[in-house]
Amino acid sequence: MRVERNFKKFMALAGVAAGLSVFAVGANAAPNPNFHIYIAYGQSNMAGNGDIVPSEDQANPPKNFIMLASHNANASQRSGKTNQSFKTGEWVAAIPPMFHPFENLSPADYFGRAMVDSLPGVTVGIIPVAIGAVSIRAFDKDQYEAYFRGDGKDIMSWGWPRDYDNNPPGRILELAKKAKEVGVIKGFIFHQGESDGTDANWRKTVYKTYKDVIDALDLDENEVPFVAGELLQEGQNCCSSKNGGIRELKNNFKKFGLASSKGLQGNGKDPYHFGRAGVIELGKRYCSEMLKLIDKTIDPDAPPVNLVDPSQSTVPDEPPEEYGPYTEAIAIPGKVQAENYNKGGAEKAYHDESKGNEGGKLRKDDVDIYQPNMGITVGHCQKGEWLKYTVNVEADGDYGITANVAGENGTGSFVLYIDDKKVGTEIANEGKGFDTFTEVEGGKVTLTKGEHELKLEITNDWIDIDYVEFKAISSQPPIGIKNVRFSMTEAESNFSVFDMQGIKLSSFTAKGMDEAMNLVRENAKLRKQAKGVFFVRKNGDKSLTKKVVIHE
């Protein structure tokens, strides 16, 4: 274990011993800094107009993505016919439709999924309040009543506001106060404007709907960003001309992001709404903008969020995981992220020499997962530890192996097995420090198509592992300069030429490295069959290797 990790662990234990822990030990949990909550509001595109595909959107919701129900809903009433019923104010899995039982897929659905994927170790919660066709005045605490008596009376008669007790701004604030007791209000995502002009008065009202909540919750505008989405631009639509006004919202907010709608397709039915693909992509763009604006720090000492009841600090026991892929079989060719080892627990999916997750990130077992400056990695690796992965090879063939690793010396290393057979070469770190990751070669392997078990076994202490990558080695006819003939003299040496994958193409003789490089450049067969980067090496002397670039 590195010194800084020992120190951090000591300080955490010392804080608990001194009674300084931020989190309550009893039943009621304090606000969890790793529980990020977002308020999603607006009109129909936010409420949900993308088609729901139950097998993709409802069957397997992300584990750490939940919502604070803004209305009552019976399972039989909901689009897509999920098995989920809930009441206002309950925390439930974020399964579409989130805003009204009759709605469909919202950008908020895939915003939340993308945020969870981008921030391992974080739980994301959504407060969903949106009503189709309404003016921005429906969300202004000083205008909503007059609006629903006047211009919005038709919408009132349709019954849509009833889900929010005919008080949309009040419902947002009610739920936000409840959410703030258990997590952190991290930001707002907003989509509205089709029913209004996006002039200065509209922009002022949009800001007011945000500021009223910020002030009531005693939040800081400098810490809680607002991300607005552009309106549909495709084809003969009603609204693309209003996007200029939406972009001008940046002048009203201290921390503002814009989710572009450029290139997103409509539903093909009306000039207002995005289709399913557009809704999903817009949600991901909200995520990209939000990630630029929020503090992404993860507190390793925070307890996991109780997904059933975040107000409770204890997490219900879960049945043991069955052995198998962490999410799904990992595709080869492709990257095997070190932290995505199989489910199933100790001695099935992994063996670790120390108790507990030293890094405190992503997973709650004994594998030590960290988040350095470049992403999630497996670290504190000791000799004898191992991890198993389920991989799916796309096609029979040869694959080159590389790994992205770090370490403070060149001794930490690991080897790989496919179906218990050792493959490739031992992979070691280059000793540039634990914050400096470099790609190193691991030889090559011949694989057969289909599903296999990959095992990564640590052979020497202290190496941090980001990923292992398998790249298909393209088959090509042997190329080189084997037809060149020279009479061997005392001044001549043997040389070999290799491609970028380290595959030996040919051997030949030359009077020194300069002549060898020129022979490779001038060889007609090599220039005819390939271009790119090649390496010339004097046989028996790996230190004497030169790069040759052939352009044509």
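1. Contacts along the chain come first. Among contacts (heavy atoms within 4.5 Å) between residues at least 6 apart in sequence, 70% join residues at least 24 apart. Keep in mind that this is a predicted model, where local features need pLDDT of at least 70, side-chain atom pairs count only at pLDDT 80 or more, and totals for chains, interfaces and linings use all residues. Residues are numbered from 1 along each chain as its sequence is written, and side-chain values use heavy atoms, with hydrogens and water left out.

2. Now the overall inventory. The chain has 12 helices and 23 strands; both are DSSP runs numbered from the N terminus, helices being H or I with at least four residues and strands E with at least two. Of the 552 residues in the chain, 50% are buried. Here buried means under 20% relative accessible area, exposed means over 50%, and partly exposed is in between, using a 1.4 Å probe and protein chains only.

3. A good place to start looking is the open sheet of 7 strands. Its order is β3-β2-β4-β1-β5-β6-β7, and the pairing is mixed; two strands pair if DSSP finds at least two bridges between them. At the edges stand β3 (91-93) and β7 (256-259), each with a single partner strand, so one side of each has no neighbour in the sheet. On average, neighbouring strands of this sheet are turned by 30° against each other, direction ignored. For angles like this, axes are lines fitted to C-alpha atoms, for helices over the stretch in contact, and the values run from 0 to 180 degrees between N-to-C directions.

4. Let's walk through some of the strand pairs. Strand β1 (residues 35-42) runs parallel to β4 (residues 123-130), and 8 bridges join them. In this pair, G42 sits opposite A130 of β4. With β5, β1 also pairs in the parallel sense, over 7 bridges, and A40 has I189 in β5 as its bridge partner. That same I189 stands opposite V227 in β6, where β5 and β6 pair in the parallel sense over 3 bridges.

5. How many of the residues of β5 are buried? The count is 7 of 8, so this strand is mostly covered. Two helices lie across it. Helix α8 (residues 200-216) lies across β1, β5 (184-191) and β6 (226-229), and runs at about 160° to β5. Helix α10 (residues 276-293) lies across β1, β5, β6 and β7, with an angle of about 160° to β7.

6. Helix α10 also has a helix partner worth a look. It packs with α4 (residues 107-118) at an angle of about 45°, the axes being 7 Å apart. That makes α4 oblique to α10; under 35 degrees would count as roughly parallel, over 145 as roughly antiparallel, 65 to 115 as roughly perpendicular, and the rest is oblique. The crossing is right-handed, meaning that the near helix is turned clockwise from the far one by less than a right angle, with anticlockwise for left-handed.

7. Which residues make up the contact of α4 with α10? From α4 come P107, Y110, F111, A114, M115 and S118. Among those they meet in α10 are R276, V279, I280, Y286 and M290. The residues of this contact divide into 12 nonpolar, 2 polar and 2 charged. In that scheme Ala, Val, Leu, Ile, Met, Phe, Trp, Tyr, Cys and Pro are nonpolar, Asp, Glu, Lys and Arg are charged, and the others, Gly among them, are polar.

8. Next, a loop residue. S195 lies between β5 and α8 and is partly exposed, at a relative accessible area of 35%. Leaving aside neighbours within four places in sequence, S195 is in contact with Q43, A133, V134 and S135. S195 and S44 are 151 residues apart in sequence, yet 9.9 Å apart in space, C-alpha to C-alpha.

9. Where are the cis peptide bonds to check? One runs from P96 to P97, with omega near 0°, and P97 is in the loop between β3 and α4. Another runs from I332 to P333, with omega near 10°; P333 is in the loop between β8 (330-332) and β9 (334-337).

10. Last, some backbone angles. N166, in the loop between α6 (153-158) and α7 (168-180), has phi near 60°, a positive value in a residue other than glycine. N166 is partly exposed, at 32% relative accessibility. D420 has a positive phi too, near 70°, and lies in the loop between β15 (413-418) and β16 (421-428). At 61% relative accessibility, D420 counts as exposed.
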